[in-house]
Amino acid sequence: MLKIIRITVWRLELALAKPYFLSGGRLRVDSLDATYVRLDTDEGLSGWGEGTPWGHTYVPAHGPGIRAGIETMAPSILGQDPCKPGVVERAMNLCLPGHLYAKGPVIMAVLDLASQISGLAMTGLIGGAFPGSTPVASSISTDTPQGMLANIQSYRERGYHAHSVKVGSDIEGDIARIRHLETHRRPDELIFYDVNRAWTRSQAISVMNAVSDLQVVFEQPCETLDDCLAVRRLTRQPISIDERLDTLADMTRIAVEGIGEIVNIKLNRVGGLLNAARIRDLALANGMKIAVMATGGSVLADTEAAILAQTIPPEHRFATWACQDMITVDPAPGQGSRSVDGTLTAPGQSGLGITPDRERLGEPVAFYEG
Ligand code: MG
């Protein structure tokens, strides 16, 4: 049996190209705290993982918490067979309940190893790849309607056809943003309006009904699933659930109660590819569309998202996102899934196919053996 004998952890600060505002401007992000994990086996193979929350104000996920979680879970990971990812996941769950975001990078690295050992592509470990590439959605920070359109235009020039537009400010301002951008939306473009939980129930109902003549998607209009359900009952446009989808129980509730028609699976938030694949299957069984995104991070996290997106039938794929386009640091130049003409495709070969540049990572911050 192959064994994981060493865990090495690095920390890297990923500066954004420009400050980023969402949720009506109440959340500002300047840089991301990224954790990279390498698992080594007794036969000399290495698997890589990344965990990068979108700052620490966005969802309950904390960069230093990933590293603290790995320290706590290290004894439950060491000695495990990487060809049994579910067994490793269960060992981590028994060692540290919850803290899904700390487990995501470990699961990525375990699946990287399992893929290299089996010769199957990573998509093959979670159901297999469907054809086609996934449209990458730009991420349009809250601004004036004109400023947001100019930002969309800059992405159009790079081949983007999908745009995640951040709203969630005052009612009149948001209505003006949506009207302006829909007036200038190209026929082949997908624009969805991401509120990032900012609206109250009454604000959501007011804005969505004020633009009920437009068939546009609203993402995570309010804070909780209860809020979104209340909004669902009094509005008509499709709703996508993002920040309040963490667990299989959340996904079950969203599907059974009809809270949304689309879900956005953020891989780090749901604890990595295994949980994400289970959530995907529940969403598919309930006829929903699925967006897949890294929570943040570099090309490793984007490649993980591309892998899950590739396993979704094309008619159910909504969009993905490439954080690599927003950061100024690239730990693995030229490697992994890259945003090409506004699309992302999973690697076809076995393994994640990424070995970060050690000089760019610097010295490890932790090291566990056993
Ligand atoms: Mg979102």
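## Close-up views of a predicted model

**View 1. The magnesium ion and its protein donors.** Glu219 is buried, with a relative accessible area of 1%. In this predicted model, Glu219 (OE) is one of the protein donors of the magnesium ion, together with Asp194 (OD) and Asp242 (OD), and these donors lie 2.1 to 2.2 Å from the ion. Along the sequence, the donor residues follow the spacing D-x24-E-x22-D. Asp194 belongs to strand S7 (residues 190–194) and Glu219 to strand S8 (residues 217–219), so this pair ties together parts that are 25 residues apart in sequence. Is Asp194 buried or exposed? With 1% relative accessibility, Asp194 counts as buried.

**View 2. The hairpin of strands S2 and S3.** Here we turn to a pair of strands. S2 and S3 run antiparallel and are joined by 6 bridges. One pairing to look for is Arg38, whose bridge partner in S3 is Trp48. The two strands form a hairpin with 4 residues between them, and Gly44 in the turn has a positive phi of about 90°. Strand S3 (residues 46–51) has 5 of its 6 residues buried, so it is largely enclosed by the rest of the structure.

**View 3. The largest pocket.** The space in the largest pocket comes to about 280 Å³. Its lining consists of 16 residues, and Lys18, Ser139, Ser141, Asn151 and Tyr155 are those nearest the centre. Strand S1 (4–22) and helix H5 (145–156) are the elements that give two or more residues to this lining. Which element has the largest share of the lining of the largest pocket? That is S1, with 6 residues. By class, the lining of the largest pocket holds 7 nonpolar, 5 polar and 4 charged residues.

**View 4. The second largest pocket.** This pocket has a volume of about 190 Å³. Among its 14 lining residues, Ser31, Leu32, Asp33, Gly55 and His56 lie nearest the centre. Strand S2 (27–41) and helix H1 (63–77) are the elements giving two or more residues to the lining of this second largest pocket. S2, which also appears in the hairpin with S3, gives the most to this lining, with 6 residues. The lining of the second largest pocket divides into 4 nonpolar, 6 polar and 4 charged residues.

**View 5. The largest cavity.** A search of the whole structure finds 2 cavities of 30 Å³ or more, and the largest has a volume of about 150 Å³. Of the 19 residues that line the largest cavity, Tyr20, Ser139, Lys166, Lys266 and Trp321 lie nearest its centre. Ser139 will be familiar from the largest pocket, where it is also among the residues nearest the centre. At least two lining residues come from each of S1, strand S5 (137–140), strand S6 (162–166), S7 and strand S10 (262–266). S5 has the largest share of the lining of the largest cavity, with 3 residues. The lining of the largest cavity is made up of 8 nonpolar, 6 polar and 5 charged residues.

**View 6. The second largest cavity.** About 40 Å³ of space lies in this cavity. Which residues line the second largest cavity? They are Glu50, Gly51, Thr52, Met108, Asn268, Ala294, Thr295, Gly296, Ala301 and Glu304. S3 and helix H11 (299–310) each supply at least two of the residues in this lining. By class, the lining of the second largest cavity has 3 nonpolar, 5 polar and 2 charged residues.

Definitions and conventions
Residues numbered from 1 in each chain as written. Predicted model: local features only at pLDDT ≥ 70, side-chain atom pairs only at ≥ 80, totals over all residues. Heavy atoms only, no water. Donors = N, O, S within 2.8 Å, 3.2 Å for Na, K, Ca; no water. Buried < 20%, exposed > 50% of the residue type's maximum accessible area, 1.4 Å probe, protein only. 1 Å grid on protein atoms, 1.4 Å probe; cavity = no way out; pocket = protein on both sides within 12 Å on 5 of 7 lines; lining within 4 Å. Points joined across faces, edges and corners; volume = space filled by probe spheres on them. Nonpolar A, V, L, I, M, F, W, Y, C, P; charged D, E, K, R; others polar. Pairing = 2+ DSSP bridges.
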